[in-house]
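The following questions and answers examine the structure shown below. Each answer sets out its reasoning before the value or name requested.

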Amino acid sequence: MAEPKPQNAISKLLNAAWVRPFLFLVFIVVAWDLAIRLFRIPAYQIPSPGDVLAVLRTEWPELLRQSWPTAYATVCGFLLSALFGIPVAMLIAGSKTVESYVYPLLVFSQSVPKIAIAPLFVVWFGFGIIPKVISAFLLGFFPVVVSAVQGFKSVDPDMVDLARAMQGSRLQVFRAVNLPHALPAIFSGLKVSVTLAVVGAVVGEFVGSNSGIGYVMQRSIGTFDLPTMFAALVILALLGVVLFWIVDRIEKLVIPWHVSQREDVIFAS
Amino acid sequence: MKPATIVSDTVQPAAHLRLVSDRAAGDASGIKLSGVSKTYRTRDGDVPSLRPLDFHINDGEFFVVVGPSGCGKSTLLKLISGLLPPTTGEVLVEGDKVTTPHGNVGIVFQNALLLPWRNILNNVMLPIDMKRLPRQEYLARAKSLLKLVGLEGFEKKLPWQLSGGMQQRASICRALVHDPRIMLMDEPFGALDALTRERMNVELMRIQRETEKTVLLITHSIPEAVFLADRVLVMTERPGAIAAIYDVPLPRPRSLDVMADPVFTELVQRIRKHFFSQGSLD
């Protein structure tokens with residue numbers, strides 16, 4: 001970049017990380033609008049972007065109010081899956097016996113569709129927040145475990161030997177070597193988990209709840225109010241993006257040393 | 001395989017080509033292996049890794065082991081550091097029987113194995129953390145070791161910011177920081193390019209002279225072995241046993257010029273013959 005060129009400002013703007021997905025989003029919305037006009041899709045099948053935007057504007061306070069229970073259930077479920085998932089992964093990675101007993105069952109349990117058993121939680125725990133949290137937890141749990149097991153297992157055995165030969169206790173070696181080594185994998189699991197937790201919370205709201213975005217969707221589908229339903233989808237997507245972004249930020253703080261975080265290298269030229 | 005036959009091949013071997021069975025100093029210092037063997041138990045049955053070994057490494061000696069891959073060299077290292085218990089026999093380090101990690105060793109592996117989240121100084125300090133020694137006291141030692149290997153000013157850098165040779169030098173510092181009596185090195189320069197490797201050999205010899213550590217180094221390279229060693233142990237194929245032990249009567253300090261010395265070349269030839277006769281070139 002020896003001499004400044006006239007298109008510099010524009011190319012700089014295009015290179016900003018958040019602009020590109022935004023531009024793509026604009027493109028999709030325009031294509032959506034065009035498709036509806038060109039193919040004359042009736043509004044009771046797919047609403048136009050304009051209608052959805054109008055609902056988002058007029059119903060904003062109500063949507064915001066309804067998104068809190070969903071966000072709350074998502075975050076609780078997500079935290080629970082991290083809280084249980086990481087120790088379970090430690091046990092599975094640390095002991096062949098535990099692995100042989102637990103891991104196959106865990107995979108088996110993943111094949112059970114959560115939406116099919118979600119009504120059970122309503123039967124057991126009522127219409128409150130608990131069924132939603134459990135549903136979010138169940139969806140978020142598995143990716144955390146799988147990634148963390150992978151992370152804990154990929155430690156170089158020589159590195160562990162080295163620390164052990166220096167008379168490090170099991171806990172010391174774990175804290176100095178195994179855990180930091182597994183963090184990048186754990187975080188990639190957490191990122192998948194947090195987006196799935198949103199899905200889990202909404203599933204919980206579908207089957208039995210009187211609050212939350214899932215409830216709004218359920219109600220608007222019942223009345224063929226498609227613009228509201230789409231507006232709820234937009235809110236859900238935003239919720240997922242924000243939560244993902246938060247986990248991503250935390251990752252950058254916790255593992256600044258990891259290859260994926262070395263921005264200065266990527267841009268050094 | 002059979003040392004006796006090899007000796008009888010030559011009518012009158014020169015001093016450096018004579019086999020030395022053992023030159024134990026007699027006292028308890030150094031490393032002593034008596035009847036040490038290792039058999040791994042696996043699902044497919046027992047896999048013998050080392051046949052019973054008897055040898056003695058003197059205190060302050062530079063002892064090099066060469067052998068084909070898979071001859072149990074790395075097992076040897078784990079036995080001496082206490083990471084693995086021997087199946088039979090006993091390992092004595094400074095007179096004490098080794099059964100669990102005793103911490104009186106520094107280990108250098110083929111890969112530098114620096115922790116990517118610790119800076120160079122903190123990587124060097126890892127043994128201090130593991131052994132729960134007072135950090136403040138050893139910080140100065142860590143810094144002076146880094147200076148000794150020419151890494152002054154790199155203390156705050158992260159491992160990936162250093163070249164392979166520099167990383168390996170840092171891992172040598174890590175092996176020395178807690179001032180162990182013994183340095184165990186498992187093909188320490190195997191991952192480096194040939195030029196860096198030669199430089200590191202010269203450097204390692206200097207470090208050993210200055211710190212007066214007992215060094216057990218494992219290598220695939222016969223010239224490297226002869227260049228560095230006071231004595232060279234040649235191992236057979238798996239399950240590993242001692243094929244021969246040679247004295248290297250080259251004067252110290254040695255420079256790379258020593259590689260042109262007839263004693264050096266003859267010794268390299270002689271050791272190489274062991275692998276030819278075993279039918280494996282490694």
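The expected span of a helix is 1.5 Å times one less than its number of residues. The model discussed here is predicted.

Q: What span should the 14 residues of helix α5 of chain B have, and how far apart are its end C-alpha atoms?
A: Helix α5(B) covers residues 135-148. At 1.5 Å a residue, its 14 residues should span 20 Å. The distance between the end C-alpha atoms agrees with this, being 20 Å.

Q: Which residues of α5(B) are buried, and over what arc around the axis do they lie?
A: A residue is buried if 20 or more other C-beta atoms lie within 10 Å of its own. In α5(B), the buried residues are B:Y138, B:A142, B:L145 and B:L146. They are on the same side of the helix, because the arc they cover around the axis is only 95°.

Q: Which residues are exposed on the other side of α5(B), and which helices are included in what covers its buried residues?
A: The other side of α5(B) has the exposed residues B:Q136, B:E137, B:A140 and B:S144. The cover over the buried residues includes three helices of chain B, namely α3 (120-124), α4 (126-130) and α6 (164-176).

Q: Which residue with a positive phi follows α5(B)?
A: The phi of this residue is near 80°. The residue that follows α5(B) is B:G150.

Q: What are the domains of chain B, and which helix gives the most to the side of domain 1 that touches domain 2?
A: The domain assignment gives domain 1 (3-104 + 182-277) and domain 2 (115-179) of chain B. In the contact between them, 12 residues belong to domain 1 of chain B and nine to domain 2 of chain B. The domain 1 side divides into seven nonpolar, three polar and two charged residues. With six residues, the helix that gives the most to that side is α7 (residues 194-211) of chain B.

Q: Which residues have the most contacts inside the largest nonpolar core, and which residues does B:V232 touch?
A: The largest nonpolar core has 83 residues, and those with the most contacts inside it are B:V64, B:I80, B:C173 and B:V232. Not counting residues up to four places away in sequence, B:V232 touches B:V64, B:V66, B:A225, B:V226, B:Y246, B:V248 and B:I271.

Q: How many residues does the other core have?
A: This core lies apart from the largest one. Among its residues are A:F78, A:F141, A:V144 and A:A197. Its number of residues is 48.

Q: Which element gives the largest share of the side of chain A that touches chain B?
A: The contact takes 16 residues from chain A and 18 residues from chain B. On the chain A side, the elements that give two or more residues are α8 (157-165) and α9 (170-207) of chain A. The residues of that side divide into nine nonpolar, three polar and four charged. The largest share, seven residues, comes from α8(A).

Q: How many residues of α2(A) are buried?
A: Helix α2 of chain A has 21 residues, 19-39, and its end C-alpha atoms are 30 Å apart, in agreement with the expected 30 Å. The helix lies largely in the open, because the number of its residues that are buried is zero.

Q: How far apart do the C-alpha centres of the two domains of chain A lie?
A: Chain A is divided into domain 1 (1-41) and domain 2 (47-267). The distance between their C-alpha centres is 30 Å.

How values were computed. Residues are numbered from 1 along each chain as its sequence is written. Chains are lettered from A and ligands numbered from 1 in the order in which they are written. This is a predicted model: local features need pLDDT of at least 70, side-chain atom pairs count only at pLDDT 80 or more; totals for chains, interfaces and linings use all residues. Helices (H or I, at least four residues) and strands (E, at least two) are DSSP runs, numbered from the N terminus. A residue is buried if 20 or more other C-beta atoms lie within 10 Å of its own, exposed if 12 or fewer, and partly exposed in between; C-beta atoms are placed from the backbone. The arc is that of the directions from the helix axis to the C-beta atoms. Two residues are in contact if their C-beta atoms, placed from the backbone, lie within 7 Å. Ala, Val, Leu, Ile, Met, Phe, Trp, Tyr, Cys and Pro count as nonpolar, Asp, Glu, Lys and Arg as charged, and the others, Gly among them, as polar. A nonpolar core is a set of buried Ala, Val, Leu, Ile, Met, Phe, Trp, Tyr and Cys residues joined through C-beta atoms within 7 Å. Domain bounds come from an automatic or database domain assignment.
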